[in-house]
Amino acid sequence: QKLQDDLKQIKIVGDSAGGMCEVTLNGKGEACDIKIDPSLLLPDDSHVLEDLLVTAFNNARSKVEEEKRQKLDKITGGIPLPPGIQLPF
């Protein structure tokens, strides 16, 4: 339970377009914030913004997974869990 609470407090930022589009997730993978540079808000280029948001989200999500793996390694002492066992994160 403590690990779950700790993960919820962590804020991880993923970005795209050199930081012009950012998505912030907590350690549980829940979206907390989105920042978009105003220069990306062009009506005729909405598909570009959509792609940048997906890229930023995926970037943040991979960072969240790495953070969870590191925290789990600390708990288990680096011993891998058997296949199929999922902890409630």
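The following exchange goes through the strands, a helix and the cysteines of a predicted model.

Trainee: In what order do the three strands of the open sheet stand?
Mentor: The pairing in this open sheet is antiparallel, with β1 and β2 joined over six bridges and β2 and β3 joined by five. β1 and β3 stand at the edges, each with a single partner strand, so one side of each has no neighbour in the sheet. The order is therefore β1-β2-β3.

Trainee: Which residue stands opposite cysteine 21, and in which strand?
Mentor: Strand β2 covers residues 21–26 and runs antiparallel to β3, which covers residues 31–36. The two strands form a hairpin with four residues between them, and glycine 29 in the turn has a positive phi of about 90 degrees. Opposite cysteine 21 stands isoleucine 36, in β3.

Trainee: Is cysteine 32 buried, exposed or partly exposed?
Mentor: Buried requires a relative accessible area under 20% and exposed requires over 50%, and cysteine 21, at 0%, falls on the buried side. Cysteine 32 has a relative accessibility of 39%, and therefore counts as partly exposed.

Trainee: How many disulfides does the structure hold?
Mentor: A disulfide is a covalent bond between the sulfur atoms of two cysteines. By the criterion used here, the two sulfur atoms would have to lie within 2.5 Å. The number of disulfides in the structure is zero.

Trainee: How far apart in space are threonine 55 and aspartate 15, C-alpha to C-alpha?
Mentor: Threonine 55 is found in helix α2, residues 46–76, and this helix lies across β1, β2 and β3, running at about 145 degrees to β1. Although threonine 55 and aspartate 15 are 40 residues apart in sequence, their C-alpha separation in space is 7.3 Å.

Technical notes:
Residues are numbered from 1 along each chain as its sequence is written. This is a predicted model: local features need pLDDT of at least 70, side-chain atom pairs count only at pLDDT 80 or more; totals for chains, interfaces and linings use all residues. Side-chain values use heavy atoms; hydrogens and water are left out. Buried means under 20% relative accessible area, exposed over 50%, partly exposed in between (1.4 Å probe, protein chains only). Two strands pair if DSSP finds at least two bridges between them. Contact means heavy atoms within 4.5 Å. Axes are lines fitted to C-alpha atoms, for helices over the stretch in contact, and angles run from 0 to 180 degrees between N-to-C directions.
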